[in-house]
Amino acid sequence: MTSREAFLAQVRYALRQTRGKGHAPAAEDPPRIPNTLPAWQLEAEQVRRRLLAQREDLLLRLERMAGLMNWKVVRAGTPQGAAEAVAQIAQQVGARSAVRTAHPVFARAPVEDALRSAGIPCILLAYDAHDPQESRLRLRQSAIQAHLGITGVDYMVAETATAILLARRGVSRLASLTPPRHIALVEPEQVVETLADALTLHKAQFLEGGDPGGYLSLISAPSRTGDIEQTIVVGVHGPQEVYLVAVW
Amino acid sequence: MVEVLTHQFQKSAQKALRDAFVQNSLRRLSHFHEARAQALAEIGLERWEALRERARQIKAHTIQHLDHYLAMLAEQVEKWGGKVCWARTAQEANEYVLQVARRHGVRLIIKSKSMVSEEMGLTHVLEEAGVEAVETDLGEYIIQLARERPFHIIAPAIHKSKEQVADLFAQRLGAEPVTDIPALAGIARRALREKFVQADMGITGVNFAVAETGTIAIVTNEGNGRMCTSMPRVHIAIMGMEKVIPRWEDLAVFLALLTRAATGQRISSYVTFVTGPRRSDEEDGPEEFHLVILDNGRRRLLEDPELQEALYCIRCGACLNACPVYGKVGGHAYGWVYPGPIGSIVTPMLVGLPKAKDLPYASSLCGACREVCPLRINIPHMLLALRQRLAEGAPQERKGSLLEKALMRGWLFLVEHPWAFGLAGRVASLLQRPLMRNGRIPWLPPPFNGWTRSRDFPPVASRPFRARWKTLTRGGTHD
Ligand code: SF4
């Protein structure tokens, strides 16, 4: 293995043959928002204001685009309605087991109760702090075997119907990946117009808190492949069906 | 490094030209092309052009200060608990991966699609060392079972029929012989699911690496990239050193371009942003994260003012889909990992120009690659520069005749001077009339007959592309 210094010295040497000289850029080029917390907080504030002003329109755009991207969209009206919608989907697809994350939306939408009344057990993918290793293994097994994965989202991009989920304590990477069906509950405040909006809001946050987050999943459609004769097949490694339950 | 067969271009090209199924699948590429046009119409040409401009600016800036941004990237990766390997050669990178695998007693590795690991011949090296490494992208999996190499950057198995895939699965996996495509995908899903669960290590490529946060972005449709970064204990990501971009917000620019140019998708089913290993209180994810930053000859592009912009490439494959030569000879003829117009520049610089003499000539210089390239990389100009070097260079590199040298000078002049290009096009359109048969040119007079011996020469369009483009952009939708 080459040392960092030797590697970079060689890059610098190569650059010296062309016009560029390497090293730190003298000027901010190309222009951008300065990398300070106040600048990004201001930017995020502007984004939020714009989103608020066009919310109704955004929600409609999202529903339309989600349909085009092969989400199955269910408009639930209220959090209670969302929980019932989840149970209904579970019954329709004949799911016998479900896992969910600890997204805040579940404090409002009693998904577990609704599923229990339908006779479907739902496991929360959050490890036991007393026995992290053992319980992590068990939960991983549950996630792999579950018929249904239910999550909230942190942002939802209207332009491309992209759900953005930050993995963290209580939000497993697997809940939206290993089960053959994924249901995402989306609330109006999470809807943004473009990916750039989501990145701006998130940046304002991590410039403040420090951590950009270890793992962000952007999910825009069912798992798909066109690798055999360019014929689209869904559900090759991830979910074959994705549901967007709109809490509005 | 993976075996180099670039010197066999003519032979392999002939073979592809005679293969009916390959010709058929190549025709199917036009589907990508149409999807791309649709995607551009949807976001509006004005916005598309602005994105291209921005992306090009960012890349030009980053490459000019590559040392600075690579150092920043590494610092951030380490800050979040990741480890960085600086690899000047493929061999160094391979050794590092092997070392990490040994340290963890790894027996099974799951890999998601990565051109760079293809370039390193990594799977082969691991297998020699007794570590099983399974490709998990369906196309790559098929290619691995068939012991071939990818045919297309983003559609590696596009040259295989479903019957061939069925045979392969029956032979290698003992699967039932079915030729229903969803059933075939199902077989792969089950076989690979087992591997995902058992694997100790995941290896992925990197589409973009953000210097300011140490984040890598991985773009997939199948979800195998997510599996490789969620299930095993260790994750190693491998990137060519040109993949770095400065800022978090730059991701929006490049992601907007990549899949639209590649397959016409608004965005791929999945994009994953990984910053270091899992946080200690996270539910799951790898305990170790390694980032391998690979040079492997890229510095030869970096130090070359004429060819440097080849490093802007985001491997979308649009230039392959647009190229009339690729559209005929397919990916294997190019003899190495990177096919098509961009491959004809990158390959000679990475494996050595003398070994890849034919590649800079595997182009009609029609300019379609540059038109579709999201980074507007001037591929025709670079191909000409390489031809010039071959024509004038050291004796073992010499290929062109005196006539060819003169012609090339002319071409260079035309490509650089739009007014002359337009004029020459109109003259050519008149001159070719006596040669046209059913809208194709089946025969060219010597010394050009080397070209038409195995294919028709595409006639010069009666209305030049530049004129058509102007009408197109004027009439473009901006919603
Ligand atoms: S050269 Fe341009 S069009 Fe070709 S693969 Fe690279 S980015 Fe895409």
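This is a short talk on how chains A and B meet in a predicted model, and on the sheet inside each chain.

Okay, hi everyone. Keep in mind as we go that this model is predicted. Let's start where the chains touch.

How many residues does each chain put into the contact? Chain A gives 86 residues and chain B gives 101 residues. People often quote the size of an interface as the accessible area lost when the parts come together. Here, chain A and chain B bury about 7900 Å² between them, and 56% of that is on carbon and sulfur atoms.

Now for the polar side of things. Between the two chains you get 47 residue pairs in polar contact, with both residues at pLDDT 80 or more. Which elements of chain A give two or more residues to the side that touches chain B? They are α1 (4-17), α3 (55-68), α7 (132-145), α8 (195-209), β9 (215-219) and β10 (224-225). The top contributor is α1(A), with 10 residues on that side. Sort that side of chain A by class and you have 40 nonpolar, 29 polar and 17 charged residues.

On to the charged pairs. There are 7 salt bridges between chain A and chain B. If you want one to look up on the screen, try Arg173(A) with Glu282(B): their side chains meet in a salt bridge at 2.9 Å, N to O.

And here's a bit I like: strands pair across the two chains. β9(A) joins β9 of chain B, residues 270-274, through 5 bridges, and the two run antiparallel. To find your place there, look for Leu216(A), which stands opposite Phe273(B).

Next, inside chain A. It has an open sheet of 6 strands, in the order β1-β12-β7-β4-β2-β3, with parallel pairing. Which strands sit at the edges? Those are β1 (71-75) and β3 (122-124), each pairing on one side only. From one strand to the next, the twist averages 20°. Within that sheet, β4 (residues 148-151) and β7 (residues 181-186) of chain A are joined by 4 bridges and run parallel. Thr151(A) has Ala184(A), in β7(A), as its bridge partner. Remember α3(A) from the contact with chain B? That helix also lies across β1 and β12 (241-246) of chain A, at about 145° to β1(A).

Over to chain B, which has an open sheet of 6 strands too, also paired in parallel; the order here is β1-β10-β7-β4-β2-β3. Its edge strands are β1 (83-87) and β3 (132-135), each pairing on one side only. The twist averages 20° from strand to strand. In this sheet, β2 (residues 108-111) and β4 (residues 201-204) of chain B pair in the parallel sense over 3 bridges, and Lys111(B) stands opposite Ile203(B) in β4(B). Helix α5 (residues 66-79) of chain B packs on the sheet, touching β1, β7 (234-240) and β10 (288-294), and its direction makes about 150° with that of β1(B).

Last stop: salt bridges again, this time everywhere. Searching the whole structure turns up 38 over all chains. One of them pairs Glu49(B) with Arg376(B), with the closest N and O atoms 2.6 Å apart. Why point that one out? Glu49(B) is in helix α4 (residues 45-64) and Arg376(B) is in the loop between α18 (368-372) and α19 (379-392) of chain B, so the pair ties together parts 327 residues apart in sequence.

That's me done, thanks.

Technical notes:
Residues numbered from 1 in each chain as written. Chains lettered and ligands numbered in written order. Predicted model: local features only at pLDDT ≥ 70, side-chain atom pairs only at ≥ 80, totals over all residues. Heavy atoms only, no water. Contact = heavy atoms within 4.5 Å. Buried area = accessible area lost by both parts, 1.4 Å probe. Salt bridge = Lys/Arg side-chain N within 4 Å of Asp/Glu carboxyl O. Polar contact = N/O pair within 3.5 Å; in protein donor to acceptor, adjacent residues only side chain to side chain. Nonpolar A, V, L, I, M, F, W, Y, C, P; charged D, E, K, R; others polar. Pairing = 2+ DSSP bridges. Axes fitted to C-alpha atoms, helices over the stretch in contact; angles between N-to-C directions.
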